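Reader: I have a structure open and a list of labels I do not trust yet. Could we go through them one by one?

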Amino acid sequence: MGVVEDLAKARAAFEHRRWLAAYDALSDVDDLDPADFVRLATAACLVGRRNDCVQAMQRAYQGHIAAGDTLAAVRCGFWLGMTLLMSGEAAVGGGWVSRSKRLLDDIPGDVVERGYVLMPTMLGSIFAGQFDTAQAVALEVTDYGRRFRDPDLTANGLNAQGRILIFVGRVPEGFALLDEAMTAVAGGEVSPIFAGQIYCSMIEACQEVCDYGRAAEWTSALTAWIDAQPGLVMFTGQCAVHRGQIMRVRGHYTEAVEEFDLAVRRYVEADTPAAAGLALAEWGDVLRVRGEFDAAQAAYDRANGYGHEPQPGLALLWLATGRKEAALAAVRRLLLEPRPLPHRSHLLPGAVEVLLGAGEPADAAALSVELMSIAESFGCPALRAMAHYARGAVVLDIDPSTALADLRTAAHEWQRLSAPYEIARCRLLMGKALRALGDEQSAATELTAAHQAFHDLGAAPAEQAAARMLTPTVPGGLTEREVEVLRLVAAGRSNPEIAATLVLSEKTVARHLSNIFAKLDVPSRTAAAKFAYENRLT
């Protein structure tokens, strides 16, 4: 086969999005023109060959400069800048962006390339938390895209605007813009690299505000998009993380761990190992829920090694293993650190749990109020469920009736999202609330259901907690019958009344009372009744 035929085959593979075939075929052709070097760079990027991508794009840039095609060279410089900046090579990447801007200085009039060189500024402002500046530049990028009918620029501008609005707490408005950007992506109007980035951006936004229903829909769409492109490596790590997150919510823990493991390997394969930290943190969360505490600590340590702080999961692990002071110190420090509202909303549910477990109910109550306010403004079902659960947990010992209403609302929201672990957590506390309200039979029903769900999920620590609540340890070593007698004593019943109620002889009642006084080391019925009230046995 001759060079012409080889090149035609390579270009056909590129057009049909068979990226590995395109990469191999273009790499075998000795004399590529600048446009084919761009194709080779794109294919190399998509199959995870970053260095080859950079080298091919540099050749494309040089070829366009030699041919006097300045605008095409600007595009190459833009892609080189973006690729290097995203790989952490800020100085070299920034140099390519500056070179592209300088080339545009010699171009008269307005051209669409001016919109492209705005994108690094836009992204830099977002990463720096300078959202006002970023929003202004994003509007410019979108305007360039619309004026020049460039789908890539338009979608990127809309995506950035949407993410910025979500970062500042304007979630419904932000998702409206993201949905608009995604219509172009889903319709095949956006080029592959930008399409994958915007897919992942949408799903990240969903995860940031716990919109698991929307995240599941777009994760399914992203999976199908990836599967339709043989050899694609770029984005497969992110896609595996998102699939794992959805599986974790739905209680498919073994499959979730497999996806997180795949994500780590794909990130390393794509030469973007820093992103593996998130996958490892999620992996650690699953292991913690399953009670594999040493393995969870190891996963969290690996996440830290990649520069990702696995909180609040790590603090929850410390709480579960008895390191309350460490967990509390970490949460207090995290709460003081400034972070965008969606990121704070992720922290608050775990922080409430740690504060309650460490004996700080007042601080937990304040955070539950904040979480409820955020949840109501965001309008995302899972976050509402977390807020109601947190509030229910906070007021459980004070007002079990109010707690029960909140917990039922949380369970209903989680039911809609098919989240069995979270439903069982709600039912566990509902059982405790019902017991406090004196409805022991209903409490047993909820606790039994929670215990079975935890067992089925392999969530050992929660299963053990449910088992303890089903067979509670009675203070003082009292038997079940002695507790029944003590309750009636505390209610002011006489021995004959107790005997009639429990269908016992008065002699047997007297014997039970003697045992109660001895076990509790109290001298009288009044003292025994006081013990019953103090230990919530009434």
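Author: Start with arginine 11, in a model that is predicted. Arginine 11 is partly exposed, at a relative accessible area of 31%.

Reader: Why is arginine 11 called partly exposed?

Author: Buried means under 20%, and exposed means over 50%. The value for arginine 11 is 31%, so the label is partly exposed.

Reader: What makes aspartate 36 buried?

Author: Its relative accessibility is 0%. Buried needs a value under 20%, so aspartate 36 counts as buried.

Reader: How do you know that aspartate 36 and arginine 11 form a salt bridge?

Author: Check the distance. The closest N and O atoms are 2.6 Å apart. The cut-off is within 4 Å, so the pair qualifies. In general, side chains of opposite charge can pair when their charged atoms come close.

Reader: What parts of the chain does this pair link?

Author: Distant ones. Aspartate 36 is in helix H3, residues 34–46. Arginine 11 is in helix H1, residues 3–15. The two residues are 25 residues apart. They also belong to a network of salt bridges that links Arg11, Asp33, Asp36 and Arg39.

Reader: How many salt bridges does the rule give in total?

Author: The count is 37. Among them is the pair of glutamate 173 and arginine 170, at 2.7 Å from N to O. Another joins arginine 290 and glutamate 292, at 3.1 Å.

Reader: Are arginine 290 and glutamate 292 buried or partly exposed, and what makes them so?

Author: Arginine 290 has 24% relative accessibility. Glutamate 292 has a relative accessible area of 32%. Partly exposed runs between 20% and 50%, so both get that label. Glutamate 173, at 40%, is partly exposed. So is arginine 170, at 41%.

Reader: Back to helix H3. Why are H3 and H4 called roughly antiparallel?

Author: Helix H4 covers residues 50–66. H3 and H4 pack at an angle of about 165 degrees, with axes 8 Å apart. Angles over 145 degrees count as roughly antiparallel, so the label fits H3 and H4. Their crossing is left-handed.

Reader: Which residues meet there?

Author: From H3 they include Phe37, Val38 and Leu40. From H4 they include Ala56, Met57 and Ala60. By class, the contact has twelve nonpolar, two polar and two charged residues.

Reader: What makes H4 and H5 roughly antiparallel?

Author: Helix H5 spans residues 70–86. H4 and H5 pack at about 160 degrees, their axes 8 Å apart. That angle is over 145, so H4 is roughly antiparallel to H5. The crossing of H4 and H5 is left-handed. Val54, Met57 and Tyr61 are among the H4 residues in the contact, and Trp79 and Leu80 are among those in H5. The classes here are twelve nonpolar, four polar and one charged.

Reader: What is listed about phi at arginine 149 and cysteine 210?

Author: Most residues other than glycine have a negative phi. Arginine 149 has a positive phi of about 50 degrees, although it is not a glycine. Cysteine 210 has a positive phi near 60 degrees.

Reader: Where do these two lie, and are they buried or exposed?

Author: Arginine 149 lies in the loop between helix H9 (131–147) and H10. Its relative accessible area is 77%, over the 50% limit, so arginine 149 is exposed. Cysteine 210 is in the loop between helix H12 (192–208) and helix H13 (212–227). Its 1% is under 20%, so cysteine 210 is buried.

Reader: What is the peptide bond from glutamine 311 to proline 312, cis or trans?

Author: Cis, with omega near 5 degrees. Proline 312 is in the loop between helix H17 (293–305) and helix H18 (313–320).

Reader: Last one. What makes arginine 163 buried?

Author: Its relative accessible area is 8%. That is under 20%, so arginine 163 counts as buried. Arginine 163 sits in helix H10, residues 151–167. Leaving aside neighbours within four places in sequence, arginine 163 is in contact with Leu178, Ser201, Glu204, Ala205 and Glu208.

Note on methods: Residues numbered from 1 in each chain as written. Predicted model: local features only at pLDDT ≥ 70, side-chain atom pairs only at ≥ 80, totals over all residues. Heavy atoms only, no water. Helix = DSSP H or I, 4+ residues; strand = E, 2+ residues; numbered from the N terminus. Buried < 20%, exposed > 50% of the residue type's maximum accessible area, 1.4 Å probe, protein only. Contact = heavy atoms within 4.5 Å. Salt bridge = Lys/Arg side-chain N within 4 Å of Asp/Glu carboxyl O. Axes fitted to C-alpha atoms, helices over the stretch in contact; angles between N-to-C directions. Parallel < 35°, antiparallel > 145°, perpendicular 65-115°, else oblique. Left-handed = near helix turned anticlockwise from the far one by under 90°. Nonpolar A, V, L, I, M, F, W, Y, C, P; charged D, E, K, R; others polar.
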